[in-house]
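Open the model in your viewer and show the ligand as sticks. The tour goes from the ligand's contacts out to its pocket.

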Amino acid sequence: MAEVLVYVDHVDGAVRKPTLELLTLARRIGEPVAVALGPGAGNTAAALAEHGAVKVLTHDAAEYADYLVVPKVDALQAAYEAVSPAAVLVPSSAEGKEIAARLAVRIGSGIITDAVDLEAGDEGPVATQSAFAASFTTKSRVSKGTPVITVKPNSAAVEAAPAAGAVEALTVSFSEKATGTKVTARTPREATGRPELTEAAIVVSGGRGVNGAENFSVIENLADSLGAAVGASRAAVDAGWYPHSNQVGQTGKSVSPQLYIASGISGAIQHRAGMQTSKTIVAINKDAEAPIFDLVDYGVIGDLLEVVPQLTDEIKTRQG
Ligand code: FAD
């Protein structure tokens, strides 16, 4: 069976959920071989094996922490040359997309970014993407070289599928460009205790209808009752009510959670572009004619400052 390289996103050995989802998709097209780099790479093996990795290629060096993505591209290319895989899968984070794009250029292959599904095809893996602000769903395959595909978080279930997960040290020689751009400082994301917006299974977003920074606590309380991330429309961000890092949409982040709750958001095309692939969409809006209601699974017509606290209370009551 063909091998499929899976680039591992991890923090000090703790494998992030989008990588486990990639393993589910990789198993549809071949045998997953994981590539884990940087501090703690060796500690990823147990989780990767549990989710289907037949082999885990690891490498650590100071270059991964000290420089931008090129050392990682060098290592992924070394893994590619060692394995000759049928495809290379990378999580669709900003860094993942840069690594994938650079690899595709180096190996002369086609690339598909931001896939939301992946299946085996007669002529290679077929990726599903959401295009033109989610107005279309397209299916495509790479017709030149080895497919390099980045996949958005929440695109597949995490499935246990125990495999050997044999750890092998990867041999990497860094290119001259590897040390071309040095990291001079890192500022960690403010610790809110909430999941990362693009990876969260549930996102609760607020828009102009929230009507003030102080009212965002209503959105946060609902998010916290569900273990969700908080999102915001550009109108709410531009008004200074919530940070830009939480903006969902064309010029913000693209999310694809199991559940998206839009509160006081009209549903402009630029907002839809960032959330329309969510599995279940709920909107709370006092205007029954708001365009957001055209795409929802469930809609509540009402004042969010009344509806959202009631919803939060009900959820907390049911949670006991
Ligand atoms: P509005 O459109 O003003 O809607 C507010 C909604 O709240 C209304 O439907 C109203 O009925 C409802 N409401 C008001 N009070 C209440 C209440 N008490 N209870 C319940 N409902 C209430 N937008 C994004 O979101 N993300 C982007 O990334 C983005 N990128 C853009 C890029 C470009 C190039 C451009 C031109 C625009 C972009 N926009 C983006 C802006 C976008 O066009 C809209 O202006 C924006 O999404 C509107 O935000 P909103 O829905 O919160 O506000």
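Which residue has a backbone N or O atom 3.3 Å from an oxygen atom of the ligand? Select Gly-252: its backbone supplies that atom. A polar contact here is a pair of N or O atoms within 3.5 Å. This is a predicted model, where local features need pLDDT of at least 70, side-chain atom pairs count only at pLDDT 80 or more, and totals for chains, interfaces and linings use all residues. Residues are numbered from 1 along each chain as its sequence is written, and side-chain values use heavy atoms, without hydrogens and water.

Next, select His-271. An N or O atom of its side chain is 2.9 Å from a ligand oxygen. Then go to Leu-304, where a polar backbone atom lies 2.8 Å from a ligand nitrogen. The protein buries 75% of the 980 Å² that the ligand exposes when taken alone (Shrake-Rupley, 1.4 Å probe).

Now show the shell (a heavy atom within 4 Å of the ligand). It holds 25 residues, and the closest are Arg-208, Ser-233, Thr-251, Ser-266 and Gln-270. Colour helices H7 (234–238) and H8 (269–272): each gives two or more residues to this shell.

Last, turn to the pocket. The ligand sits in the second largest one, meaning that more than half of its atoms lie within 2 Å of the pocket's grid points. About 550 Å³ of space lies there. Its lining counts 27 residues, with Arg-208, Ser-233, Gly-264, Ile-265 and Ser-266 nearest the centre. A pocket is an open set of points on a 1 Å grid over the protein atoms alone, where a 1.4 Å probe fits, with protein on both sides within 12 Å along at least five of seven lines; lining residues have an atom within 4 Å of a point.

Methods
A polar contact is a pair of N or O atoms within 3.5 Å; within protein, one must be able to donate a hydrogen and the other to accept it, and residues adjacent in sequence count only if both atoms are side-chain atoms. Helices (H or I, at least four residues) and strands (E, at least two) are DSSP runs, numbered from the N terminus. Grid points are joined across faces, edges and corners, and a volume is the space filled by probe spheres set on the points.
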